[in-house]
Amino acid sequence: MIPATSPLAANGDTPDLPFYAASGDECMLFEQAWRNRLPVLLKGPTGCGKTRFVAHMAARLGRPLYTVACHDDLTAADLTGRHLLKGGETVWADGPLTRAMREGAILYLDEVVEARKDVTVVLHPVTDDRRTLTLERTGETLLAPPEFMLVVSYNPGYQNVLKSLKPSTRQRFVAMEFGYPDPDTEAAIVASETGLAPDRCVPLVRIANALRDLKGQDLDEGASTRLIVYAATLIKAGMKPAAAIDAALLQPLSDDPDVQAALARVADLALG
Ligand SMILES: Nc1ncnc2c1ncn2[C@@H]1O[C@H](COP(=O)(O)OP(=O)(O)OP(=O)(O)O)[C@@H](O)[C@H]1O
Ligand SMILES: [Mg+2]
């Protein structure tokens, strides 16, 4: 059973807790969703901390975490399980959804919009108040224990209309929107992730924010927190900042030479 008092430990209380700097009350919301058996949908741009947040919360809540990266070849059996041949015998092997339900784990489906709609429909009885999964092949019906939770995420930025969730799927989730952290928090994250001095992380965050302002004009997505971490990693390793900024913050954003030239100007201006 889920204990009535909060088992949540703060960052630093547990040595192997994945580091996550909160931007608001997302940790409390996630915990309440878990306690009340509600599935959660996380949406936000690439590299803004969604995966890290789930890893952090799973550890804080003391639940095992299974992650599946969704793609359009993913089948329902990839999630639920299948019979496998072992030494001349067929044995049933649980898929990650089945295993997570048996163990009361957190199942995280990353980029869920990439999965076909006939696959996401398998999640429907699991994500409404039934919380059940029927395995037709074995004749079993599993009831999810209270500790089980389904979390899905996607990046709403670059999906087209065909790649969206059916309303009957998305309306089974509590949704949380993620964005990039505010500049001070983001500089602290980059410093913590890389060991680069905080005052050397601040200009990188400033450049990233200037590049983010170009989203929708020249860019599909601005520079992510992940890319700032890459730039800081290269600088920490001894690379010159200009080269690290070009390789980690500018080149990944566009292949168009004119756009690249414009990005470089924006980065120069942001450095001041
Ligand atoms: N709030 C945060 N606290 C700690 N680290 C963070 C945070 N946000 C981002 N990061 C850093 O940025 C990196 C990228 O974050 P993460 O992989 O969680 O992004 P994501 O939102 O899952 O991206 P994608 O949609 O591409 O999967 C992390 O590995 C971590 O270094
Ligand atoms: Mg991710």
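Student: Which domains does the shell around ligand 1 draw at least three residues from?
Tutor: The shell draws at least three residues from each of domain 1 (26–177) and domain 2 (183–271), with the bounds coming from an automatic or database domain assignment. This is a predicted model, in which local features need pLDDT of at least 70 and side-chain atom pairs count only at pLDDT 80 or more, while totals for chains, interfaces and linings use all residues. Residues are numbered from 1 along each chain as its sequence is written, and chains are lettered from A and ligands numbered from 1 in the order in which they are written.

Student: How many residues surround ligand 1, and which are the closest?
Tutor: There are 18 residues around ligand 1, and the closest are T46, G49, K50, T51 and R52; a residue is near a molecule if its C-beta atom, placed from the backbone, lies within 6 Å of it.

Student: What's the class mix there?
Tutor: The shell around ligand 1 holds 7 nonpolar, 7 polar and 4 charged residues, where Ala, Val, Leu, Ile, Met, Phe, Trp, Tyr, Cys and Pro count as nonpolar, Asp, Glu, Lys and Arg as charged, and the others, Gly among them, as polar.

Student: And which helices each supply at least two residues of that shell?
Tutor: They are α2 (50–61), α8 (183–194) and α10 (225–236), helices being DSSP runs of H or I with at least four residues, and strands runs of E with at least two, numbered from the N terminus.

Student: OK, α2 then: which of its residues are buried?
Tutor: K50, F53, V54, H56, M57, A58, R60 and L61 are the buried residues of α2, buried meaning that 20 or more other C-beta atoms, placed from the backbone, lie within 10 Å of the residue's own. Among the elements that cover these residues are α1 (26–35), β1 (40–43), β2 (65–69), β5 (106–110) and β8 (149–154).

Student: What follows α2?
Tutor: The next residue after α2 is G62, which has a positive phi, near 70°.

Student: Back to the domains: how far apart are their C-alpha centres?
Tutor: The C-alpha centres of domain 1 and domain 2 are 33 Å apart. Their contact, counted where C-beta atoms placed from the backbone lie within 7 Å, takes 7 residues from domain 1 and 6 residues from domain 2. On the side of domain 1 that touches domain 2, there are 3 nonpolar, 4 polar and no charged residues.

Student: Different topic: how do β3 and β4 run?
Tutor: Strands β3 (residues 81–86) and β4 (residues 89–94) run antiparallel and are joined by 6 bridges, pairing being assigned when DSSP finds at least two bridges. They form a hairpin with 2 residues between them, and G87 in the turn has a positive phi of about 55°.

Definitions and conventions. Contact = placed C-beta atoms within 7 Å. Buried ≥ 20, exposed ≤ 12 C-beta atoms within 10 Å, placed from the backbone.
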